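Work through the exercises below with the model open. Try each task before reading its solution.

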Amino acid sequence: MSDKSVTVIGLGNMGHALATTFLGAGLRTTVWNRTPGKAPSGASEAASAADAVAASPLVVICVADYDAVHQVLDPIAGTLAGRTIVNLTSGTLDQVREMAEFAARHDASYVDGAVLAVAEMVGTTDAQLIYSGPREVYDAHAGVLDVLGEGRHLGEDPGTAEVVDAGLVGSLYLLLAGFLHTAALADTANVTPTEVAGLASKWLVGAMALLPGLAAEIEAGDYTGGALPVGINHWALGAITSVSEQSGVDAEIHRPFRTLLGRQVEAGRSAESIASVFELLRRSA
């Protein structure tokens with residue numbers, strides 16, 4: 001890949017990992033950071049953001065937030081024509097779509113994305129990245145972007161990657177909340193968090209095997225005969241809440257999902273799969 005080049009703007013933990021991975025793949029890599037002196041070995045450190053953009057047809061930006069994106073790109077908007085911007089900065093749907101419009105106004109192509117990995121995982125088989133925006137633009141640069149990890153183009157709307165990323169990060173927060181609740185509950189029985197972490201890791205890996213089945217039920221719109229009926233799981237969450245309260249542990253994190261299951265029970269759908277809750281959530285959108 002030595003005949004190809006890429007620019008990375010932003011050299012925080014993630015940006016540094018992106019640049020290092022591009023370099024490791026043999027790409028000519030130009031970098032720029034508001035605080036100089038952070039360039040990985042082998043990278044060309046541009047004197048300015050404008051110089052960094054001019055150095056490569058593909059510009060990957062990964063900074064703290066969209067305010068930082070605009071602080072970098074707005075003053076040099078005239079240099080963006082003909083470039084492809086791949087923005088891996090987290091933001092809101094409005095911010096993503098406004099940035100896509102900003103790029104178009106300045107004759108640049110725009111792809112939004114998200115890194116589903118910590119910095120240390122970038123460039124390994126465990127890293128996943130999701131992208132959205134014009135398919136032909138993504139395809140033109142997929143060979144370069146794929147060195148970062150398994151890449152998936154999810155749709156033409158630039159906001160698609162941000163929507164999916166928000167959901168996936170949200171699921172992580174729910175998992176972390178569940179672990180902390182479990183640790184608090186186990187602590188009342190003198191079981192250490194370390195012991196709980198070992199048990200939870202194995203348990204949750206096994207539980208992940210349920211996801212493809214739930215996805216298939218949602219896509220088919222058929223919630224009959226699922227492995228996880230609404231009724232029994234509504235009861236189970238009630239039991240978890242009771243055990244928590246009896247142990248003096250706050251069970252608030254479980255109440256929202258039990259409430260949703262309760263609505264399905266009241267609707268006479270106790271025998272259906274818990275995947276049917278998707279319909280309640282989707283109708284609220």
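Contact here means heavy atoms within 4.5 Å. This is a predicted model, in which local features need pLDDT of at least 70, side-chain atom pairs count only at pLDDT 80 or more, and totals for chains, interfaces and linings use all residues. Residues are numbered from 1 along each chain as its sequence is written, and side-chain values use heavy atoms, without hydrogens and water.

**Exercise 1.** List the residues that Val60 touches, leaving out those up to four places away in sequence.

*Solution.* Start with Val6, Thr7, Val8 and Ile9. Add Leu18 and Phe22. Finish with Val86, Leu88 and Leu145.

**Exercise 2.** Which residues of the largest nonpolar core touch the most other members?

*Solution.* A nonpolar core is a set of buried (under 20% relative accessible area, 1.4 Å probe, protein chains only) Ala, Val, Leu, Ile, Met, Phe, Trp, Tyr and Cys residues joined through side-chain atoms within 4.5 Å. The largest one has 32 residues. Leu18, Phe22, Val60, Val86, Leu88, Tyr131 and Leu148 touch the most other members. Helix H1 gives the most to this core, six residues. Helices are DSSP runs of H or I, at least four residues, numbered from the N terminus.

**Exercise 3.** How do the axes of H3 (residues 66-73) and H4 (residues 93-105) run?

*Solution.* Take the axes as lines fitted to C-alpha atoms over the stretch in contact, with angles from 0 to 180 degrees between N-to-C directions. They come within 11 Å and cross at roughly 15°. H3 is therefore roughly parallel to H4 (under 35 degrees). Now the residues: Tyr66, Val69, His70 and Leu73 in H3 meet Gln95, Val96, Glu98, Met99 and Phe102 in H4.

Technical notes. Helix = DSSP H or I, 4+ residues; strand = E, 2+ residues; numbered from the N terminus. Parallel < 35°, antiparallel > 145°, perpendicular 65-115°, else oblique. Buried < 20%, exposed > 50% of the residue type's maximum accessible area, 1.4 Å probe, protein only.
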